[in-house]
Amino acid sequence: MEYTLTKPNIMLLLNAAKQQGIERLTIEEPHFHNTILDIEFKDENYVVSLRGKSAFDYRSQLKEYWDSSEIPGFLEYKDCLISSGLINFENWDDFVEWIDYLYRTETDPTLSSRSIFLSIDSNLAYFRLISRRFPIKTKSGTVRAEDFDFLLSSIVEGEIDHHIRDKYNNTDLKMMGMYTKIGDIRFNFRNRGKLMTRKAKFATQELTYLRSKLNSARIKGNPSKTDSEKNDIRIVESLERFSWTRNIVAALISADRNMGSHAENSEIPYFILEIPSSTDRRQEVSSPVILNLLHDLALTFGAIKLPEIQVTLFGIWGGKTDADYREEAVRAWVNPGSILKDNIKRDMDVIESLITPD
């Protein structure tokens, strides 16, 4: 049985597992069936046990013909932990203070008469900073993304869109050591987006959020097709021009230290978020974080397996639409022998009856 689940509806699987008395779920990646984390149910929250770099040491298992660049590893895993909100940036507390200062400056006319516009670098679109980290609790209260205006650089849009291009064909899959016969878990990868394409489509959802939900102003820039460093400089220069012509304050958020230097030279306020170098192996998190995590892992790895409940979550599949990307949907394949099959079918029938007219 297969079901397309929007991100909130992934909770059906977790609730069904709890009802069956299951206390822990194992998450496996699809290429070598290695366990990449465990999820333990704890009241209304979840305790996630993470794996280190050694769990992603595929080199000893890869034959010469493997295209290892298409096999997600520890870096992609770590990106999912950050984008889901499971682990924080190294200097998150400092960022909260910075946002609090900007918020007070924006709301108190005695501090500044100019409006503050926030802008993100492309790397933070991949981490879903604005759509998933706000609202933020600060000393002044709760700061929402809607409390600021936003700027979106056309260069950032172009950098992300440039990666939405490549799909797997049969030759690609063979180079990855994959079978394409029906029944293999990766059969669904055929003619679907490659790793960079999937990641870029994920980041595109952040840009869509900025444009649609936050009504971000778009600023034009002239991108370099060959030099990313030049693009960084041109992004900052376009923010500087917009600031001067509109008499506003443009503040840049990035995870690239060099961007900080460019912004400082242009007298643009900025904050550089630092990627954590280490983290606790056990993290207690809420339901929204778990839903983010399951979606992000399924999309990045192409699929993830939950062996205790005999369910596979696909992040890519034949017929996946732009709407599925916007709704952060996954395709759940439920083994006919799964102890959850009756629960899930019942719940899905209820959901479909609510959205399907008589």
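In which loop is Ser-338 found? In this predicted model, Ser-338 belongs to the loop that runs between strand E15 (330-334) and helix H13 (341-355). The residue is buried, because its relative accessible area is 2% and the limit for burial is under 20%. Apart from neighbours within four places in sequence, Ser-338 is in contact with Ile-309 and Gln-310. The C-alpha atoms of Ser-338 and Val-311 are 7.4 Å apart in space, although the two residues are 27 apart in sequence.

An open sheet is formed by 5 strands in the order E9-E8-E5-E10-E11, with parallel pairing. Strand E9 (217-219) and E11 stand at the edges; each has a single partner strand, and therefore one side of each lacks a neighbour in the sheet. On average, and with direction ignored, neighbouring strands of this sheet are turned by 25 degrees against each other. At the E11 edge, strand E10 (residues 249-254) pairs with E11 in the parallel sense over 3 bridges. Within these two strands, Ser-254 stands opposite Ile-272 in E11.

Helix H6 packs on this sheet, where it touches strand E5 (116-120), strand E8 (149-153) and E9. The direction of H6 makes about 55 degrees with that of E8. Of the 8 residues of H6, 6 are buried, so the helix is largely enclosed by the rest of the structure. The buried residues are Ser-154, Ile-155, Val-156, Glu-157, Glu-159 and Ile-160. They pack against the strands E5, E8 and E9, and against the helices H4, H8 and H9.

H6 also takes part in the largest pocket, to whose lining it gives the largest share, 5 residues. The space in this pocket amounts to about 780 Å³. The pocket is lined by 34 residues, of which Ser-122, Tyr-126, Glu-159, Ile-160 and His-163 are the closest to its centre. Two or more lining residues come from each of helix H2 (74-83), helix H4 (122-126), helix H6 (154-161), helix H8 (195-212), helix H9 (228-246) and helix H11 (287-301). By residue class, the lining divides into 9 nonpolar, 13 polar and 12 charged residues. Glu-159 and Ile-160 are thus listed both among the buried residues of H6 and among the residues closest to the pocket centre.

A further set of pairings involves E3, E4 and E12. E3 and E4 run antiparallel and are joined by 6 bridges. Their hairpin has 2 residues between the strands, and Asp-43 in this hairpin takes a positive phi near 55 degrees. Strand E4 (residues 45-50) is also joined to E12, by 4 bridges, and these strands run antiparallel. Ser-49 has a bridge partner on either strand: Asp-38 is paired with Ser-49 of E4, and Ser-49 is paired with Arg-282 in E12. Val-47 stands opposite Glu-284 in E12. As 5 of the 6 residues of E4 are buried, E4 is largely enclosed by the rest of the structure.

In a regular strand, side chains alternate between the two faces of the sheet. Strand E12 (residues 282-285) has a covered face with Gln-283 and Val-285, and an uncovered face with Arg-282 and Glu-284. The two residues of the uncovered face are the ones set against E4, Arg-282 as the bridge partner of Ser-49 and Glu-284 opposite Val-47.

Several backbone features remain. Most residues other than glycine have a negative phi, and most peptide bonds are trans. Phi of His-33 is positive, near 60 degrees. This residue lies in the loop between strand E2 (24-28) and strand E3 (35-42), and counts as partly exposed because its relative accessibility is 40%. Glu-267 likewise has a positive phi near 60 degrees; its loop connects helix H10 (257-265) and strand E11 (270-272). At 69% relative accessibility, Glu-267 counts as exposed. A cis peptide bond, with omega about 0 degrees, joins Phe-134 and Pro-135. Pro-135 is placed in the loop between helix H5 (129-133) and strand E6 (136-138).

Towards the N terminus, helix H1 (residues 11-19) has buried residues at Met-11, Leu-12, Leu-13, Leu-14, Ala-16 and Ala-17. Just after H1, Gly-21 takes a positive phi of about 80 degrees.

Notes
Residues are numbered from 1 along each chain as its sequence is written. This is a predicted model: local features need pLDDT of at least 70, side-chain atom pairs count only at pLDDT 80 or more; totals for chains, interfaces and linings use all residues. Side-chain values use heavy atoms; hydrogens and water are left out. On a 1 Å grid over the protein atoms alone, a cavity is a set of points where a 1.4 Å probe fits but cannot get out, and a pocket is an open set with protein on both sides within 12 Å along at least five of seven lines; lining residues have an atom within 4 Å of a point. Grid points are joined across faces, edges and corners, and a volume is the space filled by probe spheres set on the points. Ala, Val, Leu, Ile, Met, Phe, Trp, Tyr, Cys and Pro count as nonpolar, Asp, Glu, Lys and Arg as charged, and the others, Gly among them, as polar. Buried means under 20% relative accessible area, exposed over 50%, partly exposed in between (1.4 Å probe, protein chains only). Two strands pair if DSSP finds at least two bridges between them. Axes are lines fitted to C-alpha atoms, for helices over the stretch in contact, and angles run from 0 to 180 degrees between N-to-C directions. Contact means heavy atoms within 4.5 Å.
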